[in-house]
There are 2 protein chains.
Amino acid sequence: MQKKEAPLHNNLAWPTVQRLSEYLIILEQFAEGGREVISSSELAEVYSNTPSQVRQDIFRLPNTGRVGQGYRIKELAEAIRETLGLDSVTKIVIVGCGRMGMTLAQHIPFGEHGMKLCGIFDNDPTIIGLEIEGTKVEDVSILEKKVVESAVSMAVLCVPASVAQELADRLVSSGIKGILNLTRQRLKVPPGIYVQYEQIICSFMQLAYKCKQSPRPAPNL
Amino acid sequence: MQKKEAPLHNNLAWPTVQRLSEYLIILEQFAEGGREVISSSELAEVYSNTPSQVRQDIFRLPNTGRVGQGYRIKELAEAIRETLGLDSVTKIVIVGCGRMGMTLAQHIPFGEHGMKLCGIFDNDPTIIGLEIEGTKVEDVSILEKKVVESAVSMAVLCVPASVAQELADRLVSSGIKGILNLTRQRLKVPPGIYVQYEQIICSFMQLAYKCKQSPRPAPNL
């Protein structure tokens, strides 16, 4: 049993959740750079939105570290972590350890953001047994066993589209709550299970659309 | 000079652009599976929205391939491509060929979606000269020259956060229109230049938040 399932502030609007997670990354960078206080207008400028939007979002947090004209960065970051529930651990598995799965296993700082990578699975015997960032790649045939044993709640799907639904079904029946889906396969899941699509090709297409709205500027070298 | 800069339907609302690009991936999969016609309710079910939303979005397209109760998939996909401007080529470079840059170069089917990968750049002598999917990794010192020569309009930034702004500046001064930013560095760019953030860690945090809204279901194996 996980102890802390419900965060202090649940039912935040989805765009608020999205912005808060992105503010957090910005605040962490400021903190790394040694900065202690940030104003809503500075955060808005870096994020590219408005100070009033930033203040509205921060207003949803329990303890904002407000001081004079700004916010203490460490306290504000902590408040976001608490509100998003990142202060209790979410257990994760990566399913599919091709190039993308391996890149995520190596790149994503799970530990810094309230997540713990509990397993990486593949069906390729040349990959099974490899150790990636301290986690051994295991045979996908024991996926259900490991998800149940470790009470894993989130999975990342990086498998070929043709087997994505089958693996999603296996994950759901093992008690998973959420799937981050990097395949191009849309998934059918029961109510109460969350699928988040991460389709990088769509980001490319969306940006290409924007880029075509006006002529390419002249170089200025 | 690129001939076709403005698509037929510009100024679509951003969420519409996002949904259309995602419908396109779904339609392409149905087409691959040999299907010819799809109804708005079937598309809505796969996408997880409502038939009326799907119909509203499709209503923005020039030629929808409407037939009886549904749409001819190939025509609908073609209409989306045309509307998003994917029928004219957007030239792209990848800047930074670490694990993530290399994964994108190998994974993203640029050619299938109106994009052409015109260059991959890095500063690591052990990587420069490698050939990835037919494109040679070049020294980042010639980045500006190549972007200007080929009239590249989009760049993907996969470099360490510490050098992201510097490289964005160099890209902008070479005449780039849009940057897909996979670093965690927020970028300052002049008006009229588009930055799209692709922060996978934020998707993880957002999904983790959702997963904590209710208890983990019991396994059902």
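## Symmetry of the two chains

Chain A can be laid on chain B with an RMSD of 0.0 Å. The operation is a turn of 180° with a shift of 0.0 Å along the axis. That is the relation of a two-fold axis. The same surface serves both copies, since 100% of the contact residues of chain A recur in chain B. The model is predicted.

## The interface

Chain A gives 89 residues to the contact, and chain B gives 89 residues. The size of an interface is often given as the accessible area lost when the parts come together. Here, the area buried between chain A and chain B is about 8100 Å². Carbon and sulfur atoms give 63% of that area.

Within chain A, the residues that lose the most area to chain B are A:Tyr209, A:Lys212 and A:Arg216. Together they account for 11% of what that side buries.

## A helix pair across the interface

Two packed helices are described by the angle between their axes and the distance between the axes. Across the chains, helix α8 (residues 200–211) of chain A packs on helix α1 (residues 14–32) of chain B. The angle is about 130°, and the axes are 9 Å apart. α8(A) and α1(B) are therefore oblique to each other. Their crossing is right-handed.

From α8(A), the contact uses A:Ile201, A:Cys202, A:Met205, A:Gln206, A:Leu207, A:Tyr209 and A:Lys210. From α1(B), it uses B:Trp14, B:Val17, B:Gln18, B:Ser21, B:Glu22, B:Leu24 and B:Ile25. By class, the residues of this contact are nine nonpolar, three polar and two charged. A:Tyr209 thus appears twice: in the contact with α1(B), and among the chain A residues that lose the most area to chain B.

## Helix pairs within chain B

Helix α2 (residues 40–47) and helix α3 (residues 51–59) of chain B pack at an angle of about 110°, with their axes 8 Å apart. That makes α2(B) roughly perpendicular to α3(B). On the α2(B) side, the contact is made by B:Ser40, B:Ser41, B:Leu43 and B:Ala44. On the α3(B) side, B:Pro51, B:Val54, B:Arg55 and B:Ile58 take part. Five of these residues are nonpolar, two are polar and one is charged.

Another pair in chain B is helix α6 (residues 143–150) with helix α7 (residues 161–173). Their axes come within 9 Å and cross at roughly 35°. The crossing of α6(B) and α7(B) is right-handed. B:Leu143, B:Glu144 and B:Val147 of α6(B) meet B:Leu167, B:Arg170 and B:Leu171 of α7(B). This contact has four nonpolar residues, two charged ones and no polar ones.

Terms used
Residues numbered from 1 in each chain as written. Chains lettered and ligands numbered in written order. Predicted model: local features only at pLDDT ≥ 70, side-chain atom pairs only at ≥ 80, totals over all residues. Heavy atoms only, no water. Least-squares fit on C-alpha atoms with pLDDT ≥ 70 in both. Contact = heavy atoms within 4.5 Å. Axes fitted to C-alpha atoms, helices over the stretch in contact; angles between N-to-C directions. Helix = DSSP H or I, 4+ residues; strand = E, 2+ residues; numbered from the N terminus. Parallel < 35°, antiparallel > 145°, perpendicular 65-115°, else oblique. Left-handed = near helix turned anticlockwise from the far one by under 90°. Nonpolar A, V, L, I, M, F, W, Y, C, P; charged D, E, K, R; others polar. Buried area = accessible area lost by both parts, 1.4 Å probe.
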